[in-house]
Amino acid sequence: MVDHYYTERPNVESKPFQWTYMLRGHQFLFTVDQGVFSKKEVDFGSRLLIETFVEPTVPGNILDVGCGYGPIGLALAKDFPHRMIDMIDVNERAIELAEKNKRQNKIENARIYISNLFDRVEGRFAAIVTNPPIRAGKAVVHAIFEQSANYLLSKGELWVVIQKKQGAPSALEKLNMIFAQVDVVEKKKGYFIIRAQKA
């Protein structure tokens with residue numbers, strides 16, 4: 001069976017390596033490995049989400065769902081040091097890498113832990129960000145949308161990046177069924193950045 005980045009324990013051999021990347025004006029050193037999503041660079045969709053994200057007006061923490069080795073959550077933690085960023089993933093190797101990247105980039109306002117979707121998440125958030133695991137299937141992606149609504153504060157926002165060809169139109173349809181207001185705030189190279197606000 002082929003491992004995917006949404007596998008709990010990737011069987012592919014570990015061969016960690018490092019590279020640097022600039023996100024939101026901050027230089028990061030990332031340690032990455034086989035068995036995690038987009039190991040050679042910060043993927044275009046995640047970069048677009050990171051650079052487009054606007055701090056919510058609602059006070060409170062931010063949650064990164066499917067954090068991988070950590071680029072989205074750690075970039076937001078570095079930029080918003082007054083907010084705690086919770087970062088979750090089902091992939092144990094990804095979580096270990098995210099913890100390492102948190103330490104080596106000297107970030108203190110991030111909590112990183114294993115969670116299958118929201119099963120270990122507690123509290124409510126001012127914003128939830130996700131580059132959802134498209135290859136896990138539409139049911140998983142839509143479950144993230146549905147459950148996010150339960151973990152947002154009033155007027156809290158869900159930020160999603162998704163490609164048009166990978167289901168952006170159906171994602172918009174689904175989000176409009178759940179959230180009070182849904183906007184496409186950026187489109188680039190076939191990627192949509194969607195912001196959905198809870199009532």
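The exercises below, each with a worked solution, concern helix packing, nonpolar cores and burial in a predicted model.

**Exercise 1.** Determine how helix H4 and helix H5 are arranged relative to each other, and which residues make the contact.

*Solution.* Begin with the geometry: helix H4, spanning residues 138–150, packs with helix H5, spanning residues 168–178, at an angle of about 30 degrees, and their axes lie 10 Å apart. Angles under 35 degrees count as roughly parallel, and H4 and H5 are therefore roughly parallel to each other. The handedness comes next, and the crossing of H4 and H5 is right-handed. On the H4 side the contact is made by Lys 138, His 142, Phe 145, Glu 146 and Ala 149, while H5 contributes Ser 170, Ala 171, Lys 174, Leu 175 and Ile 178. Sorted by character, the residues of this contact comprise 5 nonpolar, 2 polar and 3 charged.

**Exercise 2.** Describe the largest nonpolar core, and then follow the contacts of Met 87.

*Solution.* The largest nonpolar core has 37 residues, and those with the most contacts inside it are Leu 23, Phe 30, Val 42, Phe 53, Tyr 69, Leu 76 and Met 87. Helix H2, residues 71–79, gives the most to this core, with 5 residues. For Met 87, once residues up to four places away in sequence are set aside, the residues touched include Cys 67, Leu 74, Ile 95, Ala 98, Ala 110 and Ile 112, and also Asp 64 and Arg 111. A second core, separate from the largest one, has 25 residues, among them Val 65, Ile 88, Val 160 and Leu 175. Leu 175 also belongs to the H5 side of the contact with H4.

**Exercise 3.** Establish whether Thr 52 is buried or exposed, and place this residue in its surroundings.

*Solution.* Thr 52 is found in helix H1, which covers residues 44–52. Its relative accessible area is 15%, and because buried means under 20%, Thr 52 is buried. Beyond its neighbours within four places in sequence, Thr 52 is in contact with Trp 159, Val 185, Glu 186 and Ile 193. Glu 92, by contrast, is 40 residues from Thr 52 in sequence and 28 Å from it in space, C-alpha to C-alpha.

The last step widens the view to the helix: 7 of the 9 residues of H1 are buried, so H1 is largely enclosed by the rest of the structure. These buried residues are Phe 44, Gly 45, Ser 46, Leu 48, Leu 49, Ile 50 and Thr 52, and they pack against H2 and against strands E1, E6, E7, E8 and E9.

Conventions:
Residues numbered from 1 in each chain as written. Predicted model: local features only at pLDDT ≥ 70, side-chain atom pairs only at ≥ 80, totals over all residues. Heavy atoms only, no water. Axes fitted to C-alpha atoms, helices over the stretch in contact; angles between N-to-C directions. Helix = DSSP H or I, 4+ residues; strand = E, 2+ residues; numbered from the N terminus. Parallel < 35°, antiparallel > 145°, perpendicular 65-115°, else oblique. Left-handed = near helix turned anticlockwise from the far one by under 90°. Contact = heavy atoms within 4.5 Å. Nonpolar A, V, L, I, M, F, W, Y, C, P; charged D, E, K, R; others polar. Core = buried A, V, L, I, M, F, W, Y, C linked by side-chain atoms within 4.5 Å. Buried < 20%, exposed > 50% of the residue type's maximum accessible area, 1.4 Å probe, protein only.
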